[in-house]
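Hello,

Here is the structure I promised to pass on to you. Have a look at it first, and then read on for what turned up.

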Amino acid sequence: MALKIGLALGSGAARGWAHIGVLRSLEASGIRPDIVCGTSVGALVGGAWLTGQLDALQEWASTMGLFGVLKLLDVTFSRGGLVSITKAFEQFRNDRTDVLIEHLPTVFATVATDLATGREVWLREGHLLDVVRASAAMPGLFPAVPHDGQWLVDGALVNPVPVSLCRALGADVVIAVNLNGDLATLPRLAKGSGSPEGKPPAEKPPVLAALLNTRIGSHLSDKTRFLASQLTTAREPVPNVLEILAGSIDIMQDRITRSRLAGEPPDVLIAPRLGHIGILDFDRSEELIELGRTSTDAMGPAITLAVRRA
């Protein structure tokens with residue numbers, strides 16, 4: 001009997017573009033998982049791959065840029081998050097994404113967190129975009145998602161790399177991708193935007209300063225322009241709210257991932273070196289995709305051995 005291969009795609013926000021490179025490498029090696037489980041951005045990339053839209057996702061990621069990120073922002077906390085759900089997800093609604101995940105040819109499931117109880121929720125049925133949105137509802141950025149009488153948020157709070165879900169769905173061999181295994185504390189602060197050691201504050205990038213005053217910048221809301229200015233303007237060495245949020249999520253994901261993987265080790269662990277890239281650096285897709293690809297290529301012998309064992 002052939003072994004069932006499970007692929008566990010972990011959380012990591014912007015670092016999730018590395019999953020695209022991982023999948024490209026697996027495809028080139030002729031490896032097609034029987035079960036795909038994703039947490040947060042892992043659910044997004046896994047869903048795109050299973051519906052034949054990885055090329056479209058990669059193209060969108062490659063053209064995102066800083067202003068693409070800023071256009072997703074909706075600085076209205078009354079909606080429960082900084083990022084507009086409509087802007088971030090509805091552009092992916094089409095004939096291929098308009099599908100129930102239980103009808104996909106490959107078993108697919110995502111992980112979310114019940115905001116009321118803190119319990120891990122496995123989403124194995126439902127509309128593709130809805131289950132992906134629930135799994136990726138990062139606190140502070142995306143609003144919580146209603147589902148069967150629950151409010152669901154990011155699965156990274158409880159299970160950043162869903163090895164256990166792959167096993168529960170029948171995987172004999174699990175290949176896991178951990179995007180948070182090489183993290184420095186508050187990586188965005190290491191870029192010079194401020195530090196407790198008294199380093200001089202960073203200057204505003206001249207390109208950004210110019211763009212904010214162009215027609216492109218004029219389409220941004222006043223609140224979004226203010227946020228962009230706060231992220232890039234020279235200032236005293238004090239982290240801003242997004243740096244604190246991103247750094248805190250980094251620390252949380254790292255600690256939870258270590259604990260879960262220690263108790264639920266995969267057969268093969270792919271862990272790209274991404275500590276120098278922040279979880280909000282969505283404009284670095286090309287670098288991330290290449291890092292995902294090369295890391296998976298390097299694990300090729302281990303993957304081959306795992307999937308071919310008797």
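Let me begin with a cysteine: C166 is buried, because its relative accessibility is 0%. Please keep in mind throughout that this is a predicted model.

C166 takes part in no disulfide, and the nearest cysteine sulfur, 3.6 Å away, belongs to C37. C37 is buried too, also at 0% relative accessibility. You may wonder why C37 and C166 are not bonded through their sulfur atoms. A disulfide is a covalent bond between the sulfur atoms of two cysteines. The pair would have to come within 2.5 Å to count as one, and the sulfur of C37 is 3.6 Å from that of C166, so the two are too far apart for a bond. In the whole structure there are zero disulfides.

Next, the nonpolar interior. The largest nonpolar core contains 59 residues, and L7, W17, I175 and I303 have the most contacts inside it. Helix α2 is the element that gives the most to this core, with six residues. Apart from it there is another core of 14 residues, which includes A8, C37, L165 and L261. If you want a good place to start looking, try L7: beyond its neighbours within four places in sequence, L7 is in contact with residues including L23, W49, I175 and V177. Both cysteines from above, C37 and C166, are also among the contacts of L7.

Now to the annotated positions. Which residues does the "active site" annotation cover? According to the unreviewed UniProt entry, they are S40 and D154. These two are spread over 115 residues of sequence, yet they cluster in space, with a largest C-alpha distance of 6.0 Å.

S40 sits in the loop between β2 (35-39) and α2 (41-50). D154, by contrast, is in strand β8, which covers residues 150-154. Are they buried or exposed? S40 has a relative accessible area of 3%, so it is buried, and D154 is buried as well, at 2% relative accessibility.

The side chains of S40 and D154 are joined by a polar contact of 3.1 Å. Leaving out residues up to four places away in sequence, S40 touches S11, S135, A136 and D154. On the same basis, D154 touches T39, S40, A112 and T113, along with A134, S135, A136, A137, M138 and P139. S135 and A136 therefore appear in the contacts of S40 and in those of D154.

Enjoy exploring it!

Best wishes

Key
Residues are numbered from 1 along each chain as its sequence is written. This is a predicted model: local features need pLDDT of at least 70, side-chain atom pairs count only at pLDDT 80 or more; totals for chains, interfaces and linings use all residues. Side-chain values use heavy atoms; hydrogens and water are left out. UniProt positions are given in the numbering used here, feature names are shortened, and annotations may be inferred rather than shown by experiment. Helices (H or I, at least four residues) and strands (E, at least two) are DSSP runs, numbered from the N terminus. Buried means under 20% relative accessible area, exposed over 50%, partly exposed in between (1.4 Å probe, protein chains only). Contact means heavy atoms within 4.5 Å. A polar contact is a pair of N or O atoms within 3.5 Å; within protein, one must be able to donate a hydrogen and the other to accept it, and residues adjacent in sequence count only if both atoms are side-chain atoms. A nonpolar core is a set of buried Ala, Val, Leu, Ile, Met, Phe, Trp, Tyr and Cys residues joined through side-chain atoms within 4.5 Å.
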